[in-house]
Protein chains: 2
Amino acid sequence: MNTTPIVDVATLLAEIQAQIDGGNLVTVSETIETASVEQLTEILERLPLKQRAVAYRLLPKDLAIDVFERLSPGLQSDLIRGLQDSEVAAIFADLDPDDRVWLIDELPAALAPKLLHGLSEKERALTAGVLGYPKGSAGRRMTPEYVSTRVDATVGEAMQRVQARLDEAETIYTLPVLDDNRHVVGVVSLRDLMRATEETSVADIVQPAKVVTAYQDAESAARICTGARYLAVPVVDKENRLVGMLTIDDAVKILEFEDAEDTARQGGVEPLRRPYLATPIRVLVSSRIVWLLVLAIGATLTVQVLSVFEDTLEQVTVLALFVPLLIGTGGNTGNQAATTVTRALALGDVKPRDLGRVLFRELGVGVMLGTLLGIAGGMLTGLVYEPRIGFVIGFTLIAVCAMAAAIGGIMPIIARSLRVDPAVFSNPFITTFVDASGLIVYFLIAQAILQIG
Amino acid sequence: MNTTPIVDVATLLAEIQAQIDGGNLVTVSETIETASVEQLTEILERLPLKQRAVAYRLLPKDLAIDVFERLSPGLQSDLIRGLQDSEVAAIFADLDPDDRVWLIDELPAALAPKLLHGLSEKERALTAGVLGYPKGSAGRRMTPEYVSTRVDATVGEAMQRVQARLDEAETIYTLPVLDDNRHVVGVVSLRDLMRATEETSVADIVQPAKVVTAYQDAESAARICTGARYLAVPVVDKENRLVGMLTIDDAVKILEFEDAEDTARQGGVEPLRRPYLATPIRVLVSSRIVWLLVLAIGATLTVQVLSVFEDTLEQVTVLALFVPLLIGTGGNTGNQAATTVTRALALGDVKPRDLGRVLFRELGVGVMLGTLLGIAGGMLTGLVYEPRIGFVIGFTLIAVCAMAAAIGGIMPIIARSLRVDPAVFSNPFITTFVDASGLIVYFLIAQAILQIG
C-alpha cells in the first residue's frame, strides 16, 4: 500500500546479486519481499540473464505474474526460454488471451504450439481466435473476453450479464450492443446502464459507436480507440459482426510501441525489444549497423558528385569550406519538412490526395526560409571573403532550402503511397538526396557566377 | 449510428464553402446535417478562419460541443476569438473543468477572467481549483469531479455514492479510498465493488494504488497513469490528501501532446498547434526559422575549422571529396545513440546516475560500428584512390564513430540534468559538434598519415 519505496533499486539490486552469487536463496526471497512490483520489475530488467531466471523463480506466485506482465516483450521471451516447461505453462495460463498473443509474437515459432497445448480447451479456443488474425492487425490485439448485450434486451438483463461475467471479462465498462445477427448497432456504457431504470430497453440508450475491423492495422485502430468517447471500441469482421473489443489500455500499449518504432527509425535505429541497459552491446550494434551502412553507401554519391567538380575545387579551394554548412542546412530544412508532414499523416491531418497542396506549401516555406538565410549568409560571406562568393552562397541557400523543403514534404506522402513506413524512408533518404543534389546546385551556381568550368 | 460516411469530406467541404460564399446559410445547415462528427471536425479544420466561425454557428447545439472538443487547442482558441461573448460563455460552461483549463492555457490571458466570470459558482470553484496548479503540472490536467469513498464505509454505501454522482463525475470506474484525513489509502474499482456483497467493508477490498502529486509534471504523471492497473490515478497534494483524479483518457491526451512536441523538436521544428493544412505558411516558416538559424550559425564552426586546414586542402584536394561522407556518418552515429538514450530516459530505463554506464556502452558500440565501417570504407577508398587515403578514411571513421556515439549517448543525460528537454538539445547540438570535431580529427589524421601540414 506504500507508494514511496523504502530502499532504492540500486541497493536492492546489489543485495540480490550478492545473495544469488553466494547461493543464499532464502535471503533473496526475504529481500524480494521488501520490494514493490515496480522495483522488482526494474531489478529483473537489470539482472544478467541467468540471475534473472533465478530471481524470477523466487517471486511469490501472485507477484510473479504482475511482474511478468510489466516486462518488455523481449525480456518476457528471454525469461520464458530460461524457465522450465511447467513454470512456463503456469505463467501462460495466467495471462489474458491478448497478452498471450503479444508473447507468442515474440517467441520462436516452435514454442507457440507447445504453450497453447498446455491451456484449457476454452482458453485455447479464445487465444486461437485472436491468433487467427494477421500480425500487426487489430484482431491480434483485441480481447475476446467482453460482455455484450442485445439491442432488444432490457437494462436489467444487460446488468445481469455484466454481473455474471465480472471475473472473466477484460472490460465491463463498455458493452457492445448487437442485433439478431451479431451486427454491432452501437455501444452502451456501464454508467448509462446504471443511470437507467431496469425496465428501460437497451435500444433507448444505445449510443452510436466507432468500430474497427479485425483486419485493420492495429495502430490506426488504436488511434480510433483513444479518440473515441468510450473506454473500448468493438472489433468486427468483414460482415460487421462482433469478434472482440479493443480496450483503451491495450490501445495505449500499441501506440507506445508504434511511437517507439517511429522515433527509433527516424533516428536511424531499429527499436529495442528490451530496456536499454538490459540490451547486450552486440544487439545495440546490430540495431544500428544496417542503417549506418545504407546511409554511408548513399553518401558515396556525394563523393562522386564532388569528384566531378574536382577541377573547380582545385581552382577555387575556398568553395570547399562551405560544403558542410550548405548540405547541413539543406538536410535540416528537409528534415523539418519531413518531420512535420510525417506527423500530419499519422494524425490524418494530411491525406495522400493532398500531395499537390503539400508540395505547394513546402515550396513556399522553403523559398521563404532560403531567402532569409540566403540574405544573411550571403552578406556575411561577401564581407568576410569576397562579394562574388557571397552571391554564390546566397543563391545556393535559396535553391537548396526550396528543394529540400519540397522533397522533405512530399517524400513521406510518397512513402505512404508505396506502403513503406514514412518514418523509415523519409529522413535518411532526404539527407542523402539533398546532400548530393545540393552539391550539384552549389557547383553549378558557382561555375556560373565565378565563370569557371 | 452509421460508421461509413456517405459523402466524402472533400465534397462536403466544397459544398459548404460554396454555400457560405453564396450567403446560402439554410442549405449549409442542411449539408451539415448529413455529416458525421468526425467529418465536421475535419471540415472546420480545413475552412478558412472566417468561414469556420460561420459554419460553427450553424452546428446544432448538441453537436457543437462534441466538435469543439475534438478541435486542436490552437483552433479552439481561434474559434473562440471569432465568436460572440454569449456563444463563448455557452461553450465554456459545457466543457469539463479540466478541458476548460486546457483551453484557458491557449487563450490570451485577458480572456480567462471574463470566461470564468460567466460560470456558475460551483463550476468556477472547480475550474479555479485546477487552475491553481502551475502550468504543465499534473494538477492542471486532473479532474476535480470524481467519486471517492471512505475506507471504513461499506460497499453498499460506496455504491450509493457512485449512484448519486453518475451525471457529474468524470470518472466513476475507479474510486479513491480515503481515511479520516482525506489521505489516499488506495483505490477500489467499480468492478470490485460490484463483485462484493453490500455489507463488505471497503477496507477489505481496497487495493494499493499508485498516486501522483499535483505539482509533479504532467508527462511523468501520465506515464504512471497509463502504466497503472486502473483507469485513473489519484492526484494528491504535498500532505498526500486527495485533490483530484487523472483519468487514462486525459493521460493519453497529455502523452500524445508530449510525443508530438518531442518528435517535432527532434526534427528541429516547434510543434504546430493546428492541423498542418490549417496552419498559415508564415506560421510554418516561423516554427522552423529559429532552429534553422541556430543550426546554421553552429555550422559556421565547420567553415572556420576547414579554413584552418585550407593549406592542407589545397595540397591534397582529394581530401575534400570525403568531407560530406565523414561528417554525415558521424552525425548519423551520434543521432542513433541520442535517439536510443533519449527514449530510454523518457521510459525511465536509464536514470541520470547511469551516465558512466551509458558512456562506456556507447563508446563500445561506437568503436565496433566505426571498425566495421572503417574496414569497409578504408579498403574501398584504398582501391579506388590510393592506399594512404584508404588508411586516412578508415582511421577517421573509427575515431569519428566512437566520438559521435559517446557524445550522442551522454548528451541527452546531460540535457536532462540541466533540466533542458533532451529532445531539443541533443540531435541538433550533436550534429554541429560532431561535424566540427570530426573535421578536426579527419585533418589531423590526414596530416599524420600523409606527412603534410
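**Exercise 1. In this predicted model, how much area do chain A and chain B bury between them, and which three residues of chain A supply more of chain A's share than any other three?**

Step 1: Put the two chains together and note the area lost, which comes to about 9,600 Å². Of this buried area, 63% lies on carbon and sulfur atoms.

Step 2: Now turn to chain A's side of the interface. A:Arg191, A:Tyr276 and A:Arg361 supply 8% of the area that chain A buries against chain B, more than any other three residues.

Step 3: Count the residues that touch, taking contact as heavy atoms within 4.5 Å. Chain A brings 110 residues into contact with 109 residues of chain B.

**Exercise 2. Why is chain A described as more spread out than a compact globule?**

Step 1: Start with the make-up of the chain: 22 helices and 6 strands.

Step 2: Compare two numbers. For 453 residues the globule rule gives 22 Å, but the radius of gyration of chain A is 29 Å, well over that value, so chain A is more spread out than a compact globule.

Step 3: Add the spans of the C-alpha trace along its principal axes, about 85 × 65 × 40 Å.

**Exercise 3. What percentage of the residues in chain A is buried, and how far apart in sequence are its contacting residues?**

Step 1: Call a residue buried if its relative accessible area is under 20%. By that cut-off, 57% of the 453 residues in chain A are buried.

Step 2: Take the contacts between residues at least 6 apart in sequence; 66% of them join residues at least 24 apart.

Step 3: Finish on the outside, where the accessible surface of chain A is about 18,600 Å², with 59% belonging to carbon and sulfur atoms.

Notes
Residues numbered from 1 in each chain as written. Chains lettered and ligands numbered in written order. Predicted model: local features only at pLDDT ≥ 70, side-chain atom pairs only at ≥ 80, totals over all residues. Heavy atoms only, no water. Helix = DSSP H or I, 4+ residues; strand = E, 2+ residues; numbered from the N terminus. Rg over C-alpha atoms; globule rule 2.2 N^0.38 Å. Buried < 20%, exposed > 50% of the residue type's maximum accessible area, 1.4 Å probe, protein only. Areas by Shrake-Rupley, 256 points an atom, 1.4 Å probe, with all protein chains shown as cover. Buried area = accessible area lost by both parts, 1.4 Å probe.
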